[in-house]
Amino acid sequence: STQSTGLARNLGIWFDPTFSLSQNVSKIIQACYCQLSDLWRIGKRLPKTVRIQLVHTLIHSRLDYGNALLVGIKDSDLHRLQKIQNSAVRFIYGSRGWRGVTKMRKDLHFLPVHSRIDFKVCLLTYKCLNGLAPSYLSDLIKLRKPTEQKTRLDTDTTILCVPQKRRDYHYDHTEKAFFISAPKLWNALPRNIREAESVESFKKLLKTHLFRLAYG
C-alpha cells in the first residue's frame with residue numbers, strides 16, 4: 001500500500017501537503033547560510049570581483065532555482081529569502097551592519113528576491129509565446145483576441161487572457177499557478193518589453209524595468 005508523507009522532493013523542490021513551499025524556502029535558507037558561513041572565513045583574502053562571482057555561483061543559483069514556483073508565497077517566507085540575499089551583499093562588502101544594504105544591493109545591480117521571481121516568470125512567458133518553451137507550458141497561456149469593434153483602436157497583440165475566478169477550484173491556491181500568474185505579470189509589462197525581438201533583448205529590457213521598480 002502507498003503511504004502518505006508530509007514532505008516530498010521533486011526535481012530538487014520540496015513540496016508540503018498545502019503547496020505553501022515554506023519547507024522548500026527553509027531548505028534554501030539552510031543551504032545558503034552554510035555557504036555564507038564558509039565564505040566569511042575566506043572573504044577577507046578575496047578581491048571584490050571574486051566575492052561577487054561566489055555569491056552568484058553559491059547563493060543566487062540557489063535562490064533562483066525553480067523560483068518561478070515561488071509566486072505568491074507568504075510575505076514572511078519572501079522576507080526570509082531576502083535576508084539571505086542581504087547577508088550575501090554584506091559579505092561582498094565585508095560589512096556586518098544592517099544599514100545601507102539596499103543601497104549596496106542597488107550598486108551591485110542585484111534585483112531583490114521578489115523581482116527575481118517576477119523576472120523568471122516573465123522570461124518563461126516570453127519563451128512560451130515565441131516557441132522556445134515546452135508545450136506543457138505554452139498550452140497554458142493564450143493571447144487575447146480583441147473584438148471586431150476594438151480591433152481598430154487596440155493594436156496591442158501581445159496581451160494575454162487572464163482566467164476568470166471560478167467556483168470549481170480553490171482560487172487562493174490556483175492564482176499562484178503559471179496559467180494565472182504569468183498573464184497578470186506579463187500584461188503589466190510595458191509594450192516595448194513584450195514586443196522585444198530576441199530573448200537577450202527581452203532580458204535586458206526586463207531587468208532594467210524591474211530594477212527601476214525596485215529602486216526607483
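This is a short conversation about reading a predicted model.

Colleague: Before we start, what are the ground rules for this model?

Modeller: It's a predicted model, so local features need pLDDT of at least 70 and side-chain atom pairs count only at pLDDT 80 or more, while totals for chains, interfaces and linings use all residues. Residues are numbered from 1 along each chain as its sequence is written, and side-chain values use heavy atoms, with hydrogens and water left out.

Colleague: How many helices and strands are in the chain?

Modeller: Helices (H or I, at least four residues) and strands (E, at least two) are DSSP runs, numbered from the N terminus. Here you get eleven helices and two strands, and the order along the sequence is β-β-α-α-α-α-α-α-α-α-α-α-α. The C-alpha trace spans about 65 × 55 × 30 Å along its principal axes.

Colleague: And what share of the residues is buried?

Modeller: Buried means under 20% relative accessible area, exposed over 50%, and partly exposed in between (1.4 Å probe, protein chains only). Of the 216 residues in the chain, 37% are buried.

Colleague: How do I read a pair of packed helices, say helix 1 and helix 2?

Modeller: Two packed helices are described by the angle between their axes and the distance between the axes. The axes are lines fitted to C-alpha atoms, for helices over the stretch in contact, and angles run from 0 to 180 degrees between N-to-C directions. Under 35 degrees counts as roughly parallel, over 145 as roughly antiparallel, 65 to 115 as roughly perpendicular and the rest as oblique. Helix 1 (residues 22-42) and helix 2 pack at about 170 degrees, with axes 9 Å apart, which means helix 1 is roughly antiparallel to helix 2. Contact means heavy atoms within 4.5 Å; on the helix 1 side the residues include Ile-28, Ala-31 and Leu-39, and on the helix 2 side Leu-54, Leu-58 and Leu-63 are among them.

Colleague: What about helix 3 and helix 5: at what angle do they pack?

Modeller: Their angle is about 105 degrees and the axes are 9 Å apart, so helix 3 is roughly perpendicular to helix 5. Leu-78, Leu-81, Gln-82 and Gln-85 of helix 3 make the contact with Val-113, His-114, Arg-116 and Ile-117 of helix 5. Helix 5 (residues 113-129) also meets helix 9 (residues 178-187): those axes come within 9 Å and cross at roughly 95 degrees, so helix 5 is roughly perpendicular to helix 9. Among the helix 9 residues involved are Phe-178 and Trp-186.

Colleague: Now the loops. Is Asn-67 buried or exposed?

Modeller: Asn-67 is buried, at a relative accessible area of 1%. You'll find it in the loop between helix 2 (48-64) and helix 3 (75-93). Leaving aside neighbours within four places in sequence, Asn-67 is in contact with Arg-116, Ile-117 and Lys-120.

Colleague: Which residues does Leu-140 contact?

Modeller: With neighbours within four places in sequence set aside, they are Phe-178 and Phe-179. Leu-140 sits in the loop between helix 6 (135-138) and helix 7 (148-151) and is partly exposed, with a relative accessible area of 41%. Leu-140 and Phe-179 are 39 residues apart in sequence, yet 5.2 Å apart in space, C-alpha to C-alpha.

Colleague: Last one: what is the phi of Phe-19?

Modeller: Phe-19 has a positive phi of about 55 degrees although it is not a glycine. Leu-21 also has a positive phi, near 65 degrees. Phe-19 lies in the loop between strand 2 (13-15) and helix 1, and so does Leu-21. Their burial is worth checking too: Phe-19 is exposed at 54% relative accessible area, whereas Leu-21 is buried at 5%.
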